[in-house]
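Thanks for coming. I will go through one chain today, starting with the overall layout and ending with a few backbone details. Please have a look at the structure first.

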Amino acid sequence: MKCPMCDIGTIKLARVTGPYDSDLPDVIVDGFEAGACSECGEEYFKRPRGTEASERVLAALLGKSTRLAPSEVRFLRRSLGMPARDFAETLGVSPEQLSRWENAGKKGTGKVQISATADRLVRAFVAAKKGLALPELRAIDASQSAPLQLRLTLGRQGWREVAAKSAA
Ligand SMILES: [Zn+2]
């Protein structure tokens with residue numbers, strides 16, 4: 001396609017494999033497309049069936065059997081497009097507390113992870129807001145914390161899950 005930026009160069013999009021989001025480094029998607037303009041170098045990124053992919057990722061995250069990792073709490077908040085202050089107010093915690101949950105383990109932030117109760121509240125709230133099925137809350141083992149491992153690939157029938165490298 002012709003570059004809409006410079007109107008001279010052409011863009012060839014190629015299928016790429018990579019992390020879905022910087023907050024979910026172990027969620028890998030194979031099927032998005034990227035390319036750059038041959039003239040001006042402007043970079044383009046395309047997400048075929050992106051809504052479907054995002055619903056798959058959200059459902060997997062909401063249904064994961066271990067406690068939400070700090071960056072996953074942040075990802076869920078971001079998925080709602082909510083500023084930290086609004087999200088904290090909704091959950092009934094201070095912005096400082098939410099910040100601790102979202103940044104636990106980072107340098108100079110302490111290690112206060114989200115509580116088992118708040119973990120469930122966050123999932124239920126996001127599920128309700130997004131119109132997704134409520135996860136099986138009793139199945140969550142809050143004593144375990146491992147980032148979600150998920151690998152999605154885009155085929156003719158849409159996105160499907162393929163086995164992750166290391167089994168959880
Ligand atoms: Zn261009």
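Before anything else: this is a predicted model.

Let me start with the chain as a whole. It contains five helices and five strands. In sequence order the pattern is β-β-β-α-α-α-α-α-β-β. The C-alpha trace spans about 55 × 30 × 30 Å along its principal axes. Of the 168 residues, 23% are buried. As for contacts between residues at least 6 apart in sequence, 56% join residues at least 24 apart.

Now the strands. Which strands does β2 pair with? Take them in turn. Strand β1, residues 14-21, pairs with β2, residues 24-36, in the antiparallel sense, over seven bridges. One place to find this pairing on your screen is Arg15, whose bridge partner in β2 is Glu33. The two strands make a hairpin, with two residues between them.

Next, β2 pairs with β3, residues 43-46, again in the antiparallel sense, and here there are four bridges. Ala36 has Glu43 in β3 as its bridge partner. This is also a hairpin, with six residues between the strands. In that turn you will find Gly41, which has a positive phi of about 80 degrees.

The remaining partner of β2 on my list comes from later in the sequence. It is β4, residues 150-155, and the pairing is parallel, over four bridges. Look for Val27, whose bridge partner in β4 is Leu150.

Strand β4 in turn pairs with β5, residues 158-162, in the antiparallel sense over five bridges. Arg151 is bridged to Val162 in β5. A hairpin through two residues joins β4 to β5.

One general remark while we are on strands. In a regular strand, side chains alternate between the two faces of the sheet.

On to the helices, and to α4 in particular. Which residues of α4 are buried? Helix α4 runs over residues 95-103, and its buried residues are Leu98, Trp101 and Glu102. They cover an arc of only 95 degrees around the axis, so they sit on the same side of α4. The general background is helix geometry: an α-helix has 3.6 residues a turn, so residues three or four places apart point the same way.

What do those buried residues pack against? The answer is α2, residues 70-79, and α3, residues 84-91. After α4 comes Gly105, with a positive phi near 95 degrees.

Let me stay with α3 and α4 for a moment. Two packed helices are described by the angle between their axes and the distance between the axes. Here α3 and α4 pack at an angle of about 105 degrees, and their axes are 8 Å apart. An angle from 65 to 115 degrees counts as roughly perpendicular, so that is how α3 lies to α4. On the α3 side the residues of the contact are Ala84, Arg85, Phe87 and Ala88, and they meet Pro95, Gln97, Leu98 and Ser99 in α4. Sorted by type, the residues of this contact are five nonpolar, two polar and one charged. Leu98 has now come up twice: it is among the buried residues of α4, and it takes part in the contact with α3.

Last, two backbone details. Most residues other than glycine have a negative phi, and most peptide bonds are trans. Asp7 is not a glycine, yet its phi is positive, near 65 degrees. Asp7 is located in the segment before β1. Is Asp7 buried or exposed? The count for Asp7 is 10 other C-beta atoms within 10 Å. The cut-off for exposed is 12 or fewer, so Asp7 is exposed.

The other case is Arg49, which has a positive phi of about 50 degrees although it is not a glycine either. Arg49 lies in the loop between β3 and α1, the helix of residues 50-62. Arg49 has 14 C-beta neighbours inside 10 Å, so it counts as partly exposed.

That is what I have for today.

Methods. Residues numbered from 1 in each chain as written. Predicted model: local features only at pLDDT ≥ 70, side-chain atom pairs only at ≥ 80, totals over all residues. Buried ≥ 20, exposed ≤ 12 C-beta atoms within 10 Å, placed from the backbone. Arc of directions from axis to C-beta. Contact = placed C-beta atoms within 7 Å. Pairing = 2+ DSSP bridges. Axes fitted to C-alpha atoms, helices over the stretch in contact; angles between N-to-C directions. Parallel < 35°, antiparallel > 145°, perpendicular 65-115°, else oblique. Nonpolar A, V, L, I, M, F, W, Y, C, P; charged D, E, K, R; others polar.
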